[in-house]
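User: I have a two-chain model open and want to know what stands behind the words used to describe it. Please set each value against its cut-off.

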Amino acid sequence: MRYFPHTEEDIREMLQEIGLNSLDDLFAAIPKDCRLERELDLPSPLTEWELNAHMDALAEDMAVSPAYKVFLGAGSYNHFIPEVARQLLLRGEFYTAYTPYQPEISQGTLQAIYEYQTLTSRLLGMDVANASMYDGASALAEALLMAIRVTKRKRVAVSRLVHPLYRRVVQTYLTAPGYEVVELPFLENGTTDLSGIDDLEECAAVAIQSPNFFGCIEDLEHQGRVVHSDPNTLFVTVFTEPLAYGLLKSPGALGADVACGEGQSLGIPQSFGGPGLGMFAARQKFVRSMPGRLVGRTTDRNGKRGFVLTLATREQHIRRERATSNICSNHGLCALAATMYMACVGGTGIRDLAQLNHDKAEYLKNGLRNVGATVPFATPTFNEFVVRFGAGLEKAHAGLLEKKIVAGLPVFPFLPELPDHYLLCVTETNTRQDMDALIKEVGSWKNL
Amino acid sequence: MEESLGATGLVLNEPLLWEQGRKGRSGFSLPVPDVDSSPLDEKLAGEGPDFPDLSEVDVVRHFTRLSQWNFGVDSGMYPLGSCTMKYNPKTNERQASLRGLSAAHPLLPVDLSQGVLRMMFDLERYLAEITGLSAVTLQPAAGAHGELTGMMIVRAFHKNAGSARSKILIPDTAHGTNPASAALCGFTPVPVKSDEQGVLSPENVAAVMDEATAGIMVTNPNTLGLFEEHIREIAHIVHAGGGLVYVDGANMNAVMGVASMGDMGVDVMHLNLHKTFSTPHGGGGPGAGPVCVRQDLEPFLPVPRVVKEGKKFILSQDFPKSIGKLHAFYGNIGVIVRAYSYILSMGNELKKASQLAVLNANYVRKRLAGVFHLPYDRPCMHECVFSDKIQEQYKVTTLDMAKRLMDYGFHPPTIYFPLVVHGAIMIEPTESESKETLDLFVEACKAIAEEAKGDPSLLFEAPTRPKARRMNETEAARRPCLAG
């Protein structure tokens with residue numbers, strides 16, 4: 001095996017040094033009844049060539065662009081990734097390092113995380129961001145747990161327009177220790193209805209996603225004011241599409257106490273849903289209650305600027321069962337990718353790119369409306385929107401797959417009250433030509 | 001020692017991203033708009049984030065320079081105990097970047113995602129075979145996430161049986177994540193002392209096992225690098241009391257193909273794909289922490305699960321007793337591809353990996369015995385734990401020696417863990433290191449031990465060769481500056 005450097009002679013000499021006769025003797029401490037007395041039943045090892053062929057075959061058994069025209073978003077977005085980010089990420093000094101416990105030989109990772117924390121704070125308009133978490137869903141769950149710790153309350157309210165899969169993760173995280181999650185309904189315009197909250201003083205947090213699951217841009221400023229009518233309740237804002245904040249007012253500017261969500265759009269491949277990037281940012285006053293790693297600026301013995309992991313007394317390796325979270329890593333490489341991506345697009349670029357996403361989505365939305373599809377929610381959207389096709393068109397919609405068009409996500413399995421609704425997404429990677437083809441197909445349907 | 005591996009060379013300074021750039025530069029190839037612009041409502045639009053504008057060359061140089069301030073497995077030996085810093089095969093990166101896998105949308109109809117689903121299905125089978133357990137979920141995104149998942153399964157198991165147990169037994173050698181994960185799930189961790197041999201004794205477990213105890217969380221081999229040799233008896237005691245046995249599989253690299261977790265009486269365990277199965281640590285993640293369970297716990301695994309229906313793979317939600325979802329989608333598939341590639345490349349050679357990992361650790365243990373104090377002087381598994389007791393007389397600490405190792409060109413071992421050893425130095429060479437490299441490491445350690453005797457100031461000042469010197473960590477925590 002090419003990954004092992006040991007020759008038979010090496011093994012013999014080393015065993016001799018240890019005072020043993022065989023490799024099996026190394027395991028004398030393992031009692032007989034714990035031993036595996038047979039060979040593992042695994043496929044024979046593949047050569048590098050064979051592995052390539054095998055993996056190529058698996059990869060071919062998947063529908064991806066450009067062969068397929070994919071109009072899917074809903075928490076995973078097809079954005080162009082500059083080759084720069086892909087190649088720099090493959091530098092072994094980055095991806096084969098671990099947690100920067102030894103700052104003297106980890107300044108590359110540490111400075112990059114500090115840059116990630118800074119750019120994230122700027123993007124979201126918040127004071128501090130952590131070094132990242134697993135994904136948008138777990139970042140939200142951790143934000144709600146933080147609110148529960150800070151307020152000592154046992155209930156949270158979550159908008160029904162927070163991504164339904166995130167809500168299920170929240171449910172899993174919060175039910176185990178015995179907390180309660182209440183759902184907030186939505187209005188006809190496709191935004192969250194806060195009017196039913198009458199027990200705000202019982203709620204640790206209110207969580208609202210914007211752009212929400214329908215792609216609609218919530219009025220966070222208004223909602224923040226409602227939530228803060230109890231000054232102790234935390235206003236937690238969530239996102240699945242951070243690119244939107246290249247164009248929209250930031251959650252911090254609109255009153256969020258915590259802004260968290262998924263950062264996959266920022267230069268991270270979709271990879272069938274993971275690894276993603278759990279972004280987590282908060283107001284300064286919550287910094288010592290935050291979950292996850294933090295990198296801080298300091299100086300070394302020569303007085304030169306440097307960076308270290310800091311405020312570790314919040315964390316499990318020091319605080320054990322009283323830690324702010326059990327998380328012991330971050331999604332370092334994904335945070336690095338996002339930093340590279342944000343550096344590539346820049347302040348001017350991210351705005352232009354966000355505008356382009358918005359414009360293209362508007363083009364498809366208007367095009368579909370013009371051929372007779374219904375756009376049920378009037379609220380402005382970013383790069384995703386919901387359309388309603390007439391009843392009985394599921395087959396026609398599924399039939400587009402044979403033409404290699406994935407025309408959005410049926411909403412029904414996630415929100416059963418919305419049959420015939422589809423969530424479509426358009427990014428800079430979808431061309432006008434592809435959108436025209438889709439509009440033409442939909443226009444040919446009867447009973448639209 | 002003739003010439004040290006550690007040397008100095010030209011390293012470039014590099015400012016922070018926003019300390020450079022100029023408005024109007026760009027490092028991104030923006031598509032030419034092919035639709036009309038459609039202005040957004042002014043009330044909604046912000047000013048855009050205050051990011052620097054950089055050219056492509058600026059970005060390339062920035063991150064290349066930063067990378068050169070780092071030390072990775074690709075740079076040299078990284079004997080960080082408990083972290084299994086083995087070689088990360090380059091071919092795995094090629095597989096993970098295949099467009100069919102890396103560009104796949106998680107909500108594609110299953111008919112259009114058979115490739116990934118087949119891979120997930122097969123990897124689950126392989127991990128079940130390697131652990132000797134029955135069913136596997138790939139959803140947890142990290143080891144600690146796997147622990148949380150496992151604890152939720154333990155909780156769900158008891159709830160299903162109509163009992164509400166509140167305590168989890170955790171040995172004093174455990175990683176901090178174990179009590180933190182148990183607590184996050186609403187359990188109260190109860191510490192159990194390991195004995196003078198460094199392992200759990202059945203008597204100590206029996207003394208605390210009671211009807212309010214949901215189970216035990218054991219790392220096996222444990223963090224002292226010792227196999228918990230009474231595990232079967234302990235499992236028997238816990239099972240007899242109605243509890244479950246959870247194993248933290250952080251140290252699985254010692255026993256692949258050698259020991260069967262199923263036969264030991266383990267009910268639930270997690271694996272760290274970024275340790276045992278060679279996926280890169282990425283500067284702190286992403287990893288993956290699949291959870292394996294015995295047959296009757298399968299109904300509690302997270303959903304959706306990959307199920308084979310005839311020749312087709314589907315994602316099934318039909319597990320009413322499931323604990324729910326831990327990840328928005330299905331876990332860290334990009335990491336899972338790399339582990340799958342590793343297992344396919346290795347096959348039965350996995351056993352050889354464990355044998356060589358244990359060989360390397362024992363070789364280092366034997367050669368450094370007497371240089372550093374060995375608190376548990378007995379054969380080890382994949383890692384060995386020393387302490388700074390011999391060097392105490394020179395006022396030299398584990399930290400000083402760890403810092404000095406950098407000057408010699410090695411990443412330091414894990415230090416001050418496990419907590420049961422004062423001044424612990426935990427060395428895990430992994431199977432990736434050759435005898436020559438280990439010999440060089442041993443020589444460096446011996447030279448440092450001599451320096452501690454003869455000229456300890458070399459250690460107090462260390463490291464001097466890396467770009468940065470020791471950092472003022474107190475200042476960083478006292479007045480946190482977390483963004484620029």
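**Reading the labels**

Analyst: Chain A holds 12 helices and 14 strands. The model is predicted. Chain B, by the same kind of assignment, has 14 helices and 12 strands.

User: What are the dimensions of the box filled by the C-alpha atoms of each chain?

Analyst: Along the principal axes, the box is roughly 80 × 55 × 50 Å for chain A. For chain B, the box is roughly 75 × 65 × 45 Å.

User: How do you know whether the radius of gyration of chain B agrees or disagrees with that of a compact globule?

Analyst: The rule takes 2.2 Å times the number of residues to the power 0.38. For 484 residues that gives a value near 23 Å, and chain B has 25 Å, so the two agree.

User: What share of each chain counts as buried, and what makes a residue buried?

Analyst: A residue is buried if 20 or more other C-beta atoms lie within 10 Å of its own. In chain A, 58% of the 448 residues count as buried. In chain B, 60% of the 484 residues do.

User: Why is A:Phe213 called what it is, buried or exposed?

Analyst: A:Phe213 has 28 C-beta neighbours inside 10 Å, and the cut-off for buried is 20 or more. A:Phe213 therefore counts as buried. The residue sits in the loop between β5 (203–209) and α8 (220–227) of chain A. Apart from neighbours within four places in sequence, its contacts are A:Leu161, A:Val162, A:His163 and A:Pro164. A:Tyr341 is 128 residues away from A:Phe213 in sequence, and their C-alpha atoms are 24 Å apart.

User: What is B:Thr91 called on that scale, and why?

Analyst: B:Thr91 has 18 other C-beta atoms within 10 Å. Buried needs 20 or more and exposed needs 12 or fewer, so B:Thr91 is partly exposed. B:Thr91 belongs to helix α2 (residues 90–96) of chain B. Leaving out neighbours within four places in sequence, B:Thr91 contacts A:Glu48, A:Leu51 and B:Ser341. The C-alpha atoms of B:Thr91 and B:Ile427 are separated by 27 Å, with their positions 336 residues apart along the chain.

User: Why are α4(B) and α9(B) described as parallel, antiparallel, perpendicular or oblique?

Analyst: Helix α4 (residues 114–131) and helix α9 (residues 333–346) of chain B have axes that come within 10 Å and cross at roughly 60 degrees. Roughly parallel needs an angle under 35 degrees, and roughly perpendicular runs from 65 to 115. The pair falls in neither range and is therefore oblique. Their crossing is left-handed.

User: Which residues make the contact of α4(B) with α9(B), and of what class are they?

Analyst: From α4(B) come B:Val116, B:Met119, B:Met120, B:Leu123 and B:Tyr126, and from α9(B) come B:Ile333, B:Ile336, B:Val337, B:Ala339, B:Tyr340 and B:Ile343. By class, that contact has 11 nonpolar residues, no polar and no charged.

User: What makes α10(A) parallel or antiparallel to α1(B)?

Analyst: The axes of helix α10 (residues 332–370) of chain A and helix α1 (residues 56–67) of chain B cross at roughly 155 degrees and come within 9 Å. An angle over 145 degrees counts as roughly antiparallel, so α10(A) is roughly antiparallel to α1(B). The crossing is right-handed. A:Met340, A:Ala343 and A:Cys344 meet B:Val59, B:His62 and B:Phe63 there. These residues divide into 5 nonpolar, 1 polar and no charged.

User: How does α5(A) pack on α10(A), and at what angle?

Analyst: Helix α5 (residues 107–124) of chain A and α10(A) have axes 9 Å apart and an angle of about 65 degrees. The crossing of α5(A) and α10(A) is left-handed. Among the residues that meet are A:Ile113, A:Glu115 and A:Tyr116 of α5(A), and A:Leu336 and A:Met342 of α10(A). The contact has 8 nonpolar, 3 polar and 1 charged residues.

User: How many residues does each chain give to the contact of chain A with chain B?

Analyst: Chain B gives 170 residues and chain A gives 166. On the side of chain B, helix α10 (residues 349–368) gives the most, with 12 residues. By class, that side of chain B has 86 nonpolar, 53 polar and 31 charged residues.

Terms used:
Residues are numbered from 1 along each chain as its sequence is written. Chains are lettered from A and ligands numbered from 1 in the order in which they are written. This is a predicted model: local features need pLDDT of at least 70, side-chain atom pairs count only at pLDDT 80 or more; totals for chains, interfaces and linings use all residues. Axes are lines fitted to C-alpha atoms, for helices over the stretch in contact, and angles run from 0 to 180 degrees between N-to-C directions. Helices (H or I, at least four residues) and strands (E, at least two) are DSSP runs, numbered from the N terminus. A crossing is left-handed if the near helix is turned anticlockwise from the far one by less than a right angle, and right-handed if clockwise. Two residues are in contact if their C-beta atoms, placed from the backbone, lie within 7 Å. Ala, Val, Leu, Ile, Met, Phe, Trp, Tyr, Cys and Pro count as nonpolar, Asp, Glu, Lys and Arg as charged, and the others, Gly among them, as polar.
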